[in-house]
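Dear colleague,

I am handing over the structure below, together with an account of what was found when going through it. Please keep it open beside this message while you read.

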Amino acid sequence: MFARRLSVVTARALSRKYASTPFDATGAAVDALRDELASTCDGVLEQGKKLNWVFLGAPGVGKGTYASRMAKQMGVPHISMGDLVRAEIKGETALGKEMKAIAARGELVPDALVLDILDKRVKRGEAEGERGFLLDGFPRTVPQAETLSTMVEVTQVLNLTLREDILVEKCCGRRECGECGKSFNIADIRSEKAGEQTIIMPPLNPPQECFAKLTQRPDDTEEVVRARLEVYKKSTIPVENYYRGKGLLSDFPIMGGIPETTPVLLKHIIDILKASTR
Ligand SMILES: Nc1ncnc2c1ncn2[C@@H]1O[C@H](COP(=O)(O)OP(=O)(O)O)[C@@H](O)[C@H]1O
């Protein structure tokens, strides 16, 4: 209880400092990039190509944050493996009960279980005529990547990267409103490293009405976050190399908050798509 009260007090203090931290980039220039991404995607599909993208990246790098925003512009669904796992857990299905303890330890759920869930979601998308997907948090092992390649063609992989010290702070700062379900982050990050660019990521603070309802994922404690990072290094970095070897992977370093990152990421994706249509 004390820890939760403290986080609410911290969030309130921070909200006074950053009165209106934008959760997204705004302005005519970034809107023009959003429109350009949407029309570039239309062009890709008109050429009969697919928009089957994978977002890779360590825990806390912002896969979900950016995948959800980019998917909207690309006109494809954002499929978050983590959300699919949490839905099974919340549904208290037999599968969900098995997954709950595994996820709480920060370990990966067995390949067969997540593949079964994903296969159902991909098949539903195909049946409903979805024009592709932005897959977040899958694959996380090379066997998953190999099986995925037998299910659908992956057309591009974007690997989001961020310094590890920031990843831990970001994961530990993640909060969710227990009522509206929106995601926030109370971490107030200013990372200065000799010889490297200073990275500033202001908190994404909840509105007043969410303060008292903030929850934290059980796997977002520092101990479990560090365990998830070790799992990432052991199991998922080989996936990066798998896709790099196929010439499908592009690295994208996160250098700041959402307003600074969004236009650069939009341009990065547009350039990749335009190169694929030449
Ligand atoms: N592709 C996957 N393979 C196995 N387990 C997964 C996979 N994706 C998600 N999970 C399980 O769900 C948990 C939460 O996933 P997610 O929210 O994507 O974590 P993160 O924030 O580390 O990216 C993981 O720690 C893991 O237990």
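T262, if neighbours within four places in sequence are left aside, is in contact with D24, A25, V30, R34, Y66 and M70. This threonine is found in helix α11, and since the model you have is a predicted one, please take this and everything below as computed from that prediction. T262 has a relative accessible area of 1%, which is under 20%, so T262 counts as buried.

Helix α11 also matters for the account of the nonpolar cores. The largest nonpolar core has 42 residues, and L37, W53, F55, M70, M74, L134 and I269 are the ones that touch the most other members. Two or more residues of this core come from each of α2 (28-46), β1 (51-57), α3, β4 (156-161), α8 (164-173), β8 (199-201), α10 (222-245) and α11 (258-276), and α11, with seven residues, gives the most. W53, again without its neighbours within four places in sequence, is in contact with M74, F133, L134, L135, T155, Q156, I269, I272 and L273. Apart from this core lies another one, of 29 residues, which includes L118, L135, L148 and L249.

L135, which appears both among the contacts of W53 and in the core of 29 residues, has its place in strand β3. With a relative accessible area of 1%, L135 is buried, and, leaving aside neighbours within four places in sequence, its contacts are W53, V54, F55, I79, L118 and L148. The C-alpha atoms of L135 and G64 are separated by 9.4 Å, although these two residues are 71 places apart along the chain.

A charged residue that you may want to look at is K63, in helix α3 (residues 63-74). K63 is buried and yet has no salt bridge, the nearest side chain of opposite charge being that of D136, 4.6 Å away. As a salt bridge requires a nitrogen to oxygen distance within 4 Å, that separation of 4.6 Å does not qualify. Not counting residues up to four places away in sequence, K63 touches F55, L56, G57, A58, D136, G137, R140 and L160.

K63 is also part of the lining of the largest cavity, together with F55, L56, G57, G137, F138, P139, R140, Y232 and T236. The count comes to one cavity of 30 Å³ or more, and the volume of the largest cavity is about 40 Å³. Both β1 and α10 supply at least two residues of its lining, with the largest share, three residues, coming from β1.

Two of the lining residues, F138 and P139, are joined by a cis peptide bond, with omega about 0°; P139 lies in the loop between β3 (132-136) and α7 (142-151). Another backbone feature is at E92, where phi is near 50°, a positive value in a residue other than glycine. E92 lies in the loop between α4 (81-90) and α5 (94-104), and its relative accessibility of 55% makes it count as exposed. Both features are worth pointing out because most residues other than glycine have a negative phi, and most peptide bonds are trans.

As for open spaces, the second largest pocket has a volume of about 190 Å³. Its lining consists of 14 residues, and those nearest its centre are N52, E126, E130, G132 and F133. The elements that give two or more residues to this lining are α6 (111-127) and β3, and α6 provides the largest share, three residues.

Lastly, where are the charged pairs? The count comes to 26 salt bridges. In one of them, the side chains of D83 and R86 meet at 2.9 Å, N to O; these residues are three apart in helix α4, and therefore separated by about one helical turn. D83 is partly exposed, at 43% relative accessibility, and R86 is partly exposed as well, at 33%. R244 and D251 form a salt bridge at 2.6 Å, N to O, with relative accessible areas of 36% for R244 and 35% for D251, so that each counts as partly exposed. R228 and D219, by contrast, are both buried, and their side chains meet in a salt bridge at 3.7 Å, N to O. These two residues belong to a network of salt bridges that links R174, R217, D219, D220 and R228.

With kind regards

Key: Residues are numbered from 1 along each chain as its sequence is written. This is a predicted model: local features need pLDDT of at least 70, side-chain atom pairs count only at pLDDT 80 or more; totals for chains, interfaces and linings use all residues. Side-chain values use heavy atoms; hydrogens and water are left out. Helices (H or I, at least four residues) and strands (E, at least two) are DSSP runs, numbered from the N terminus. Buried means under 20% relative accessible area, exposed over 50%, partly exposed in between (1.4 Å probe, protein chains only). Lys and Arg count as positive and Asp and Glu as negative; His and the chain ends are not counted. Contact means heavy atoms within 4.5 Å. A nonpolar core is a set of buried Ala, Val, Leu, Ile, Met, Phe, Trp, Tyr and Cys residues joined through side-chain atoms within 4.5 Å. On a 1 Å grid over the protein atoms alone, a cavity is a set of points where a 1.4 Å probe fits but cannot get out, and a pocket is an open set with protein on both sides within 12 Å along at least five of seven lines; lining residues have an atom within 4 Å of a point. Grid points are joined across faces, edges and corners, and a volume is the space filled by probe spheres set on the points.
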